[in-house]
Amino acid sequence: MAPLSSKQPFKAIYIVCFLIKTAIIFAFLLTRFLFPRLRPVPGWSFKMSMSAAITRVFFNFTTNIRSRGFALEELAHKDERVVIVKPPDKRFFSGFLADNTVQPAAVPTIWCPKPFQPAEDARNQKVILHYPGGAFIFAFNPIQFYQNMQDAVSHMGAAKMCWAQYRLASSPSTRFPASIQDAVTYYHHLLHLGVSPRNIILSGESAGGNVVIALMRYLESQTELPLPAGAMLWSPWVDVNANSGHEWTRNENAKRDFLPSSMIQWGVDDYLPDGQIQRETMPYISPLHHPFKTKIPLFVQAGAVEGLLPSIKSFAREMAEVEGNRVRLHVTELAVHGMFLSYPGWGFQDQFKAAVLDAREFFEHSV
């Protein structure tokens, strides 16, 4: 149930109270974090400590007013980099993706640096297909993170990145498996453009990492679509269940990380399908403890002080234990959740570059 702060007139009252409270809190933290021993994590700088606090406040605010962030499709006719992608034929959506309530739909993407032009040879160009995070219910503005995309393209030695903003879980028709349907739509789109599957690197952060894992599992189960060259997971959300928000509060790193439990719980409440979840469907929602065999090299990044670290390490270990799987875990010291988007604010440019270069080396030696 949505909080009263998400509805008028309570929303306006909440915003005023929030601004006053935030000013007081930040005044206190600005003084507190001047002293290294009072910072949340030994080794964190003043900038890191404030970045975590500011991000946590931001997500608490958006959760309480039920803001879903940025609508990329609104730029479709204003920015040449934004393209609306139509879903492929229904034969590409089988099994749990052939849902009576949730149907494939057109979805927006933004290209970095720009979409393929008619004269371009797409087949021989490496493309990163990135599924962003947001707990399934919030969309970031990719324009604000365009430098992040450019850095990822450069470090990976790729030609382009395709930011794949799957539908948010905002109604019964966009709950699970809508995001996975969209993941198939985007992947098919790259193949349709002529990009060779051996030049496609899947990438996903947080909830987007969850989507990538589900896409990998689905691709391994069908014969219509070829497999990509590799997959990068950034702080993937691998343990998604009805009590995820409540379980987060018991996490050792929860107070250090910037994710509020209320946002996590909002995400699962809106994302999980109504009614009983079929046993064979659950691994596509929550991949932890459901390892599978895959020919796709899997690179998994996590922050050393992020709340999801224990579940991410368990997932990586379980996947690595499956015979034939190629898995590499990369843990970034002092980092919290979601380094793909947050590294500029943390001053982690070198750490981000090291992670992407590690993934690149891993993929190149997995051929």
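Me: What share of the 367 residues of the chain counts as buried?
Reply: Happy to start there! This is a predicted model, where local features need pLDDT of at least 70, side-chain atom pairs count only at pLDDT 80 or more, and totals for chains, interfaces and linings use all residues. Residues are numbered from 1 along each chain as its sequence is written, and side-chain values use heavy atoms, leaving out hydrogens and water. Buried means under 20% relative accessible area (1.4 Å probe, protein chains only), and the share of the chain's residues that meets this is 57%.

Me: Is L97 buried or exposed?
Reply: L97 sits in the loop between β1 (82–85) and β2 (107–112); strands are DSSP runs of E, at least two residues, and helices are runs of H or I, at least four, both numbered from the N terminus. Leaving aside residues up to four places away in sequence, L97 touches P177, I180, Q181, V184 and Y218, where contact means heavy atoms within 4.5 Å. Its relative accessibility is 1%, so L97 counts as buried.

Me: Which residues of α10 does α2 meet?
Reply: Helix α2 covers residues 46–64 and helix α10 residues 339–346. From α2, the residues taking part are K47, M48, S51 and A52. Their partners in α10 are P344, G345 and W346.

Me: How far apart are the C-alpha atoms of L97 and I128?
Reply: Along the chain, L97 and I128 are 31 residues apart. In space, their C-alpha atoms are separated by 24 Å.

Me: What does the C-alpha trace of the chain span along its principal axes?
Reply: The chain's secondary structure comes to 11 helices and 8 strands. Along the principal axes, its C-alpha trace spans about 55 × 45 × 45 Å.

Methods: Axes are lines fitted to C-alpha atoms, for helices over the stretch in contact, and angles run from 0 to 180 degrees between N-to-C directions. Buried means under 20% relative accessible area, exposed over 50%, partly exposed in between (1.4 Å probe, protein chains only).
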